[in-house]
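Here is a set of short exercises to help you read a protein model. Try each task with the structure open, then follow the solution step by step.

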Amino acid sequence: MGKKMRVDKLLSNVGVASRAELKKYCKQGLISVNGKVINNPGVQVDSESDDIRFNGEKIVYREFVYIMLNKPDGYISATYDKYDPIVLDLIDQSYLVFEPFPVGRLDKDTEGLLLLTNDGIWAHSIINGHKHVPKVYYVEFNGKLTKEGIERIETGIVLGDGTQCKPANIDVLS
């Protein structure tokens with residue numbers, strides 16, 4: 001058994017239309033539940049077991065979305081920025097109704113796997129330092145990584161703003 005909710009709430013949550021618009025669509029006979037046209041937008045439906053259709057098209061309800069994105073260089077890991085393009089500009093616009101946000105961040109000039117979701121509990125469990133979720137980074141740079149530099153990283157460096165980083169393991173490839 002899935003989550004019980006009003007049909008207008010379910011349809012608005014998946015981006016069909018606003019709840020006010022759905023009230024009108026109900027009166028026009030565009031919404032059906034289990035093969036029966038409904039005229040009351042407050043009808044309770046089961047998000048998993050009921051066959052919900054809008055204008056004949058089957059609606060699949062999802063409470064949470066999980067998106068894997070290969071973030072390119074030049075995008076900000078944010079949901080809004082006045083000056084630079086954001087990672088939400090890279091995903092299919094149909095996901096925006098779910099209000100996804102980046103799980104953690106990659107710097108603007110960094111590329112790689114970035115997860116986006118609207119599941120705050122799951123996101124917190126991934127980025128919370130107490131959970132010890134391992135992360136792997138591949139870094140290229142010009143210069144020489146000294147033995148002292150490796151030791152500083154392996155014991156946890158302190159950033160310019162005073163942030164203490166956790167210790168990291170380093171595998172020097174070349």
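The exercises below go from strands and sheets to cores and charged side chains.

**Before you start**

This is a predicted model, in which local features need pLDDT of at least 70, side-chain atom pairs count only at pLDDT 80 or more, and totals for chains, interfaces and linings use all residues. Residues are numbered from 1 along each chain as its sequence is written, and side-chain values use heavy atoms, with hydrogens and water left out.

**Exercise 1. A sheet of three strands**

Find the strand order of the open sheet of 3 strands, and work out which strands stand at the edges.

Step 1. Helices (H or I, at least four residues) and strands (E, at least two) are DSSP runs, numbered from the N terminus. Two strands pair if DSSP finds at least two bridges between them.

Step 2. The order is β7-β9-β8, and the pairing is antiparallel. As a reminder, strands of a sheet pair through backbone hydrogen bonds, either parallel or antiparallel.

Step 3. β7 (66-71) and β8 (101-103) each have a single partner strand, so they stand at the edges and one side of each is left without a neighbour in the sheet.

Step 4. On average, neighbouring strands of this sheet are turned by 40 degrees against each other, direction ignored. Such angles run from 0 to 180 degrees between N-to-C directions, and the axes are lines fitted to C-alpha atoms, for helices over the stretch in contact.

Step 5. Now look at one pair: β7 and β9 (residues 112-117) are antiparallel over 6 bridges, and M68 stands opposite L115 in β9.

Step 6. Finally, add the helix. α3 (residues 120-127) packs on the sheet and touches β7, β8 and β9, its direction making about 30 degrees with that of β8. Contact means heavy atoms within 4.5 Å.

**Exercise 2. A sheet of four strands and a loop**

In the open sheet of 4 strands, name the edge strands. Then decide: is N55 buried or exposed?

Step 1. This sheet has the order β3-β2-β5-β6, again with antiparallel pairing. Its edge strands, β3 (36-37) and β6 (57-58), each pair on one side only.

Step 2. β5 (residues 52-54) and β6 pair over 2 bridges, and R53 has K58 in β6 as its bridge partner.

Step 3. N55 lies in the loop between β5 and β6. Its phi is near 55 degrees, a positive value in a residue other than glycine.

Step 4. Buried means under 20% relative accessible area, exposed over 50%, and partly exposed in between (1.4 Å probe, protein chains only). N55 has a relative accessible area of 58%, so N55 is exposed.

**Exercise 3. The largest nonpolar core**

Which elements each supply at least two residues of the largest nonpolar core?

Step 1. A nonpolar core is a set of buried Ala, Val, Leu, Ile, Met, Phe, Trp, Tyr and Cys residues joined through side-chain atoms within 4.5 Å.

Step 2. The largest one has 16 residues, and V7, L10, L11, I31, I52 and I59 touch the most other members.

Step 3. The elements asked for are α1 (7-13), α2 (19-27), β2 (31-33) and β5. The largest share, 3 residues, comes from α1.

Step 4. Check I31: leaving aside neighbours within four places in sequence, its contacts include V7, L11, L22 and F54.

Step 5. Apart from this core lies another, of 13 residues, among them A78, L88, F98 and L116.

**Exercise 4. Charged partners**

Which residues are linked with D8 in a network of salt bridges?

Step 1. A salt bridge is a side-chain nitrogen of Lys or Arg within 4 Å of a carboxyl oxygen of Asp or Glu. By this rule the count comes to 6 salt bridges.

Step 2. D8 meets R6 at 3.0 Å, N to O. D8 also forms a salt bridge with R19, with the closest N and O atoms 3.5 Å apart.

Step 3. That second pair links distant parts of the chain, with D8 in helix α1 and R19 in helix α2, 11 residues apart.

Step 4. The network therefore joins R6, D8 and R19. D8 is buried at 5% relative accessible area, whereas R6 at 32% and R19 at 37% are partly exposed.
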